[in-house]
Amino acid sequence: MENHQQSTKQSEPQAQVKSGENGSVDSSMQLWSALENTDAMANLQEAGTVLASGGIVAFPTETVYGLGADARNTSAVEAVFAAKGRPSDNPLIVHISQQSQLEPLVQRVLPVEQQLMDTFWPGPLTIVMPVREKALSPRVTAGLDTVGVRMPDHPVALALITAAGCPLAAPSANRSGRPSPTTAAHVADDLNGRINGIVDGGSAGVGVESTVVQVQTDGSILVLRPGGITREQLLTIADRVELDPALSGVAAEVAPRAPGMKYAHYAPQGNMSIVIGDRLSDVSALMKQQLAQAQTRGERTGVLVFDEDEAVYEGSLRLTLGSLTRLEEAASQLYGRLREFDEANITFILAQGCAEEGVGLAVMNRLNKAAGGQIIRV
Ligand code: TXA
Ligand code: MG
């Protein structure tokens with residue numbers, strides 16, 4: 001299959017990376033611009049050469065920024081784990097730019113997997129398949145006999161993979177436990193001085209990570225991590241689409257099939273809870289009450305709400321995720337908002353929940369993780 005680059009949702013070009021936490025990007029780190037009006041192709045060639053020679057480089061995808069390394073090079077892959085502070089039992093997703101790059105990586109492709117690729121690649125879908133022996137550094141798969149592969153729907157990511165000339169192992173380009181980065185500036189804030197460089201391609205579009213799936217022997221699809229491709233979209237390919245039971249929270253004792261889903265993740269520094277209820281007025285009344293109590297304790301309070309909520313939350317930083325009727329917007333804004341709470345040193349956060357439909361499933365999954373599972377029902 002060729003790359004449908006023309007179908008790529010191009011994100012708005014935005015300001016260049018301004019600063020790291022301490023006001024500047026470390027001089028040991030290179031910044032390559034892939035924004036409009038720059039010599040993007042030459043810059044990507046340069047970044048690709050760094051990757052091909054074992055360097056680690058952050059780059060934009062249509063979901064979030066990734067931190068790439070040659071997936072066959074163990075020391076490069078180890079450098080990714082070290083830069084992120086990532087537990088070594090959590091495998092990395094491998095990114096390719098053409099379907100012909102898949103064959104050397106996996107033992108076989110099932111018909112349903114092929115259909116998924118034909119329908120959703122390039123795009124925010126990672127497919128876990130049996131890995132071919134010696135195709136990749138064993139660090140990439142963290143000792144599993146499977147590998148998660150995806151083809152990102154972003155012209156900069158595709159051009160960079162092609163320039164590097166190798167499959168790129170790339171987790172999200174955040175320090176482990178922090179919200180995933182959706183701009184080059186977020187990457188710089190987390191990884192300044194720890195990596196060889198950043199390719200700036202503006203802000204990522206979808207905002208939450210790819211959906212991770214595994215096709216079962218009976219042809220059904222198991223969702224290991226909800227993401228940019230919705231359950232409803234997957235149902236157009238298979239009759240049965242199930243969510244890994246470990247994700248529902250009911251089966252907390254069951255280990256998730258995607259090892260990464262067991263870690264506290266995406267967390268802002270403040271204590272966060274989600275408030276859920278059938279009536280928005282009940283939700284906001286309870287939030288007001290809890291915020292007032294928190295303020296009496298001396299907390300710096302914040303709320304994460306949808307546009308439909310017109311309540312006034314006195315003394316609290318109010319951030320919105322857009323309208324409840326456009327949850328794509330919530331997905332694209334979520335991680336940036338969580339970082340804003342940190343920048344304002346907010347210590348107590350209440351977030352409104354949304355329906356677990358469409359991309360709302362991924363939004364609620366990430367909110368739930370950010371809140372460490374603390375949910376208040378009214
Ligand atoms: O959108 C995305 O997927 C982004 C961009 C950069 O492509 N990448 C990303 O990677 O989110 P990371 O490493 O932050 O998350 C990968 C998730 C983890 O939960 C990991 O456990 C799971 O995918 N995973 C990777 N390989 C797997 C495998 N072989 N079996 C099961 N789960 C796997
Ligand atoms: Mg991640």
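These legends walk you through several close-up views of a predicted model.

**View 1. The shell of residues around ligand 1.** Welcome to the ligand site, where 28 residues surround ligand 1. The closest of them are Thr63, Asn90, His95, Ser210 and Gly260. By residue type, the shell divides into 14 nonpolar, nine polar and five charged residues.

**View 2. Polar side chains that reach ligand 1.** Look here for three side chains, starting with Thr146, which has a polar side-chain atom 3.0 Å from a nitrogen atom of ligand 1. Ser172 places a polar side-chain atom 3.0 Å from an oxygen atom of the ligand. For Arg225, the distance from a polar side-chain atom to an oxygen atom of ligand 1 is 2.9 Å. On its own, ligand 1 has 690 Å² of accessible area, and the protein covers 98% of that. Strands E4 (93-95), E6 (146-150) and E10 (221-225) are the elements that give two or more residues to the shell. E6 gives the most, with four residues.

**View 3. The largest nonpolar core.** Now turn to the protein's interior, where the largest nonpolar core has 51 residues. Leu67, Leu116, Leu125, Ile195 and Leu234 have the most contacts inside this core. Both strands and helices give two or more residues to the core, including strand E3 (66-70), helix H3 (111-120), strand E5 (125-130) and helix H6 (184-191). Helix H2 (74-84) provides the largest share, five residues. In soluble globular proteins, nonpolar side chains tend to be buried together.

**View 4. Leu234 and its partners.** This view picks out one core residue, Leu234, and its contacts beyond the neighbours within four places in sequence. Its partners are Leu116, Phe120, Leu125, Thr211, Val213, Ile221, Val223, Ile229 and Val241. Apart from the largest core lies another one, of 28 residues, with Tyr266, Met272, Met364 and Ala370 among them.

**View 5. Helix H10, a largely enclosed helix.** Helix H10 spans residues 360-370, and 10 of its 11 residues are buried, so the rest of the structure largely encloses this helix. The buried residues are Gly360, Leu361, Ala362, Val363, Met364, Asn365, Arg366, Leu367, Lys369 and Ala370. Which elements do the buried residues of H10 pack against? They pack against strands E10, E11 (241-243), E12 (271-276), E13 (301-305) and E15 (348-352), together with helix H9 (327-343). After H10 comes Gly372, with a positive phi near 55°.

Terms used
Residues are numbered from 1 along each chain as its sequence is written. Chains are lettered from A and ligands numbered from 1 in the order in which they are written. This is a predicted model: local features need pLDDT of at least 70, side-chain atom pairs count only at pLDDT 80 or more; totals for chains, interfaces and linings use all residues. Side-chain values use heavy atoms; hydrogens and water are left out. A residue is near a molecule or strand if one of its heavy atoms lies within 4 Å of it. A polar contact is a pair of N or O atoms within 3.5 Å; within protein, one must be able to donate a hydrogen and the other to accept it, and residues adjacent in sequence count only if both atoms are side-chain atoms. Accessible areas come from the Shrake-Rupley method with a 1.4 Å probe; for residues, only the protein chains shown count as cover. Ala, Val, Leu, Ile, Met, Phe, Trp, Tyr, Cys and Pro count as nonpolar, Asp, Glu, Lys and Arg as charged, and the others, Gly among them, as polar. A nonpolar core is a set of buried Ala, Val, Leu, Ile, Met, Phe, Trp, Tyr and Cys residues joined through side-chain atoms within 4.5 Å. Buried means under 20% relative accessible area, exposed over 50%, partly exposed in between (1.4 Å probe, protein chains only). Contact means heavy atoms within 4.5 Å.
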